[in-house]
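Trainee: I would like a close look at a single strand of this model, taking in the strands beside it, the helices that lie against it and the aromatic rings it carries. Could you walk me through that part in one connected account?

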Amino acid sequence: MSESLRLFLALDLPPEVRSALEEVQRGLKGTGADVRWVRIASIHLTLKFLGQVEAGAVEEIRRAVEPAASACPVLSLHPAGAGVFPGPRSPRVVWIGLEGDLERLGALAGEVDLALAGLGFQAEKRPFQPHLTLGRVRSGRHKAGLMEGVLSLAGFRGPEFQARELILFRSELNPAGAVYTALERIPLGA
């Protein structure tokens, strides 16, 4: 029986963006809210979560999404603003938004989704909402302070960066948090 891997496709972030996110996260931690904060090194821009996949399918996934990646030019993006999913009344996920080449980013996510649907992966039902997850809310403790902190980030703008490749990551869950390993790097605009 083949090994099963937990996989997702994402764009990675450069160190200067991670530093800006770390500063934002540090400020939000000061609210004392009950949030499981994502390790800064683990933050990325997910385009498609694939779930458990047979290890033998990695190359097939790469071949399926290569045309979409090749057709998409390098993307110019920057973190901007903040928010929570699903909304302020019952926040579950704290995130930082993105600005820049969002139309092309959305098109890339759509093309990736379409290519993977051809391999039997479930198509996304919700519209693509590009974001960088900072943390997951565990309870309502200090929710008002957390929401005040998130609202204060409305004008936040992080450093601009160039997304040059789509990465197929393996996610291994452990008690200290998920560990991500890049399995395939697929250049944009190749």
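Mentor: A residue is called buried here if its relative accessible area is under 20%, exposed if that value is over 50%, and partly exposed in between. With that cut-off in hand, and bearing in mind that this is a predicted model, we can take strand E1, residues 4-11, which is mostly covered, with six of its eight residues buried.

Consider the neighbours of the strand. E1 is joined by eight bridges to strand E3 (residues 45-54), and the two run antiparallel; within this pairing Leu5 stands opposite Val53 of E3. E1 also pairs with strand E8 (residues 165-172), again in the antiparallel sense, over four bridges; here Ala10 stands opposite Ile167, and the bridge partner of Phe8 in E8 is Phe169. These pairings belong to an open sheet of four strands, with antiparallel pairing, in the order E3-E1-E8-E9. Its edge strands are E3 and strand E9 (179-187), each of which pairs on one side only, and the twist from one strand to the next averages 25°.

Two helices lie against this sheet. Helix H3 (residues 102-117) packs on the sheet and touches E1, E3 and E8, its direction making about 15° with that of E3. Helix H2 (residues 58-71) lies across E1, E3, E8 and E9, and runs at about 50° to E9.

The aromatic rings bring us back to Phe8. Four aromatic pairs are counted in the model, where ring centres must lie within 6.5 Å. One of them is the stacked pair of Phe8 and Phe169, with 5.2 Å from centre to centre and 20° between the planes. This pair links distant parts of the chain, since Phe8 is in strand E1 and Phe169 in strand E8, 161 residues apart, and both residues are buried. The rings of Phe8 and Tyr180, in turn, have centres 5.1 Å apart and planes at 80°, and because planes over 60 degrees apart count as edge-to-face, that is how this pair is classed. Phe8 lies in strand E1 and Tyr180 in strand E9, so this contact between rings ties together parts that are 172 residues apart in sequence.

The burial values of these two residues fall on either side of the cut-off: Phe8 counts as buried because its relative accessibility is 4%, whereas Tyr180, at 29%, counts as partly exposed. Taken together, Phe8, Phe169 and Tyr180 form one aromatic cluster.

Conventions. Residues are numbered from 1 along each chain as its sequence is written. This is a predicted model: local features need pLDDT of at least 70, side-chain atom pairs count only at pLDDT 80 or more; totals for chains, interfaces and linings use all residues. Side-chain values use heavy atoms; hydrogens and water are left out. Buried means under 20% relative accessible area, exposed over 50%, partly exposed in between (1.4 Å probe, protein chains only). Two strands pair if DSSP finds at least two bridges between them. Axes are lines fitted to C-alpha atoms, for helices over the stretch in contact, and angles run from 0 to 180 degrees between N-to-C directions. Contact means heavy atoms within 4.5 Å. Rings of Phe, Tyr and Trp (its six-membered ring) pair if their centres lie within 6.5 Å; planes under 30 degrees apart count as stacked, over 60 as edge-to-face and the rest as tilted.
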